[in-house]
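Dear colleague,

I am passing on the structure below, together with notes on what was found in it. Please read the notes alongside the coordinates.

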Amino acid sequence: MSPRVIAIDGPAGSGKSTTARAVAERLGLAHLDSGALYRAVTLGVLDAGTPESGDPIVGLARSLPVRLSLVGESFRPEVAGVDVSQAVREPRVNAKVSAIAALPAVRDWVNDELRAAADLHPRGVVADGRDIGTVVFPDAPVKVFLTASPQERAKRRSLQAGSGSAADDLLRVQSDLARRDAADSGRKVAPLVPAADAVVLDTTKMGFEEQVGVIVKLARNAFA
Ligand code: CDP
């Protein structure tokens with residue numbers, strides 16, 4: 001059982017991380033961003049020039065080390081002791097992360113790290129990713145699958161990244177998200193799918209506070 005886990009999954013740019021952070025704040029839980037760990041491993045590989053197969057990558061991740069470190073109420077990605085929260089958002093990481101995240105050995109290592117991290121916070125975690133409700137914490141009492149239209153997701157991601165809102169910029173972001181969605185949904189191991197018992201929330205026309213409120217309410221009901 002994972003009594004204190006709220007699982008939020010969904011495609012790229014659906015607002016999982018921002019939503020998970022706000023839900024965690026409202027409930028006094030920690031925010032656990034699984035994508036940040038896949039991104040930090042990818043950054044380690046890019047900087048070390050490691051061949052892209054599973055076992056050497058896990059060896060590299062352990063030795064650098066790549067880790068999530070609990071700072072205040074959220075887990076921050078670190079590589080060799082350095083905070084890489086900003087670096088993991090670089091386009092070179094976006095371009096590579098889905099291929100690295102498709103390797104079973106990498107996923108096993110990340111999943112162990114996520115389960116160990118969740119045990120570190122006394123009140124529990126709001127974890128977000130692609131397979132949190134299906135694989136990492138299948139017993140989580142609250143599971144949400146966030147979606148939004150591709151156009152809306154590209155718009156939100158551009159705003160978040162501070163990139164332009166010109167049509168060209170939006171199309172570029174939209175095609176990056178679409179490429180990662182296809183890779184994440186089509187892979188053999190832990191593909192992006194809603195858990196059978198997840199609440200699917202289409203946020204295309206929802207305000208941010210409204211979507212946070214829906215999840216907080218689901219959690220309060222489940223934990224009551
Ligand atoms: O850009 P976005 O916030 O949507 O992605 P992310 O959550 O930072 O995750 C980056 C990439 O890591 C995804 O495109 C997936 O390839 C991979 N990932 C995964 O496979 N499983 C997870 N639980 C989380 C992320």
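**Two strand residues, the cores and the ligand**

S69 lies in strand β3, which spans residues 66–71; helices (H or I, at least four residues) and strands (E, at least two) are DSSP runs numbered from the N terminus. This is a predicted model, in which local features need pLDDT of at least 70 and side-chain atom pairs count only at pLDDT 80 or more, while totals for chains, interfaces and linings use all residues. Residues are numbered from 1 along each chain as its sequence is written, and side-chain values use heavy atoms, with hydrogens and water left out.

With a relative accessible area of 12%, S69 is buried (buried means under 20% relative accessible area, exposed over 50%, and partly exposed in between, with a 1.4 Å probe and protein chains only). Not counting residues up to four places away in sequence, S69 touches S74, F75, R76 and E78, where contact means heavy atoms within 4.5 Å.

L201, in strand β8 (residues 199–202), also counts as buried, at 10% relative accessibility. Leaving aside neighbours within four places in sequence, the contacts of L201 include V144, L146, M206 and V214; the C-alpha atoms of L201 and V214 are 9.1 Å apart, with the two positions 13 residues apart in sequence numbering.

The largest nonpolar core (a set of buried Ala, Val, Leu, Ile, Met, Phe, Trp, Tyr and Cys residues joined through side-chain atoms within 4.5 Å) has 36 residues, and V41 and W109 are among those with the most contacts inside it. V41 touches I57, A61, V66, I100 and W109, again not counting residues up to four places away in sequence. Apart from this core lies another, of 18 residues, which includes L29, V144, L146 and V216.

As for the ligand, 19 residues surround it, of which R39, R107, R157, R180 and D184 come nearest (a residue is near a molecule if one of its heavy atoms lies within 4 Å of it). A polar side-chain atom of R180 lies 2.8 Å from an oxygen atom of the ligand, and an N or O atom in the side chain of R187 is 2.9 Å from a ligand oxygen atom. The protein covers 99% of the 530 Å² of accessible area that the ligand has on its own, with areas taken from the Shrake-Rupley method and a 1.4 Å probe. Helix α2 gives the largest share of the shell around the ligand, four residues.

Best regards

Key
A polar contact is a pair of N or O atoms within 3.5 Å; within protein, one must be able to donate a hydrogen and the other to accept it, and residues adjacent in sequence count only if both atoms are side-chain atoms.
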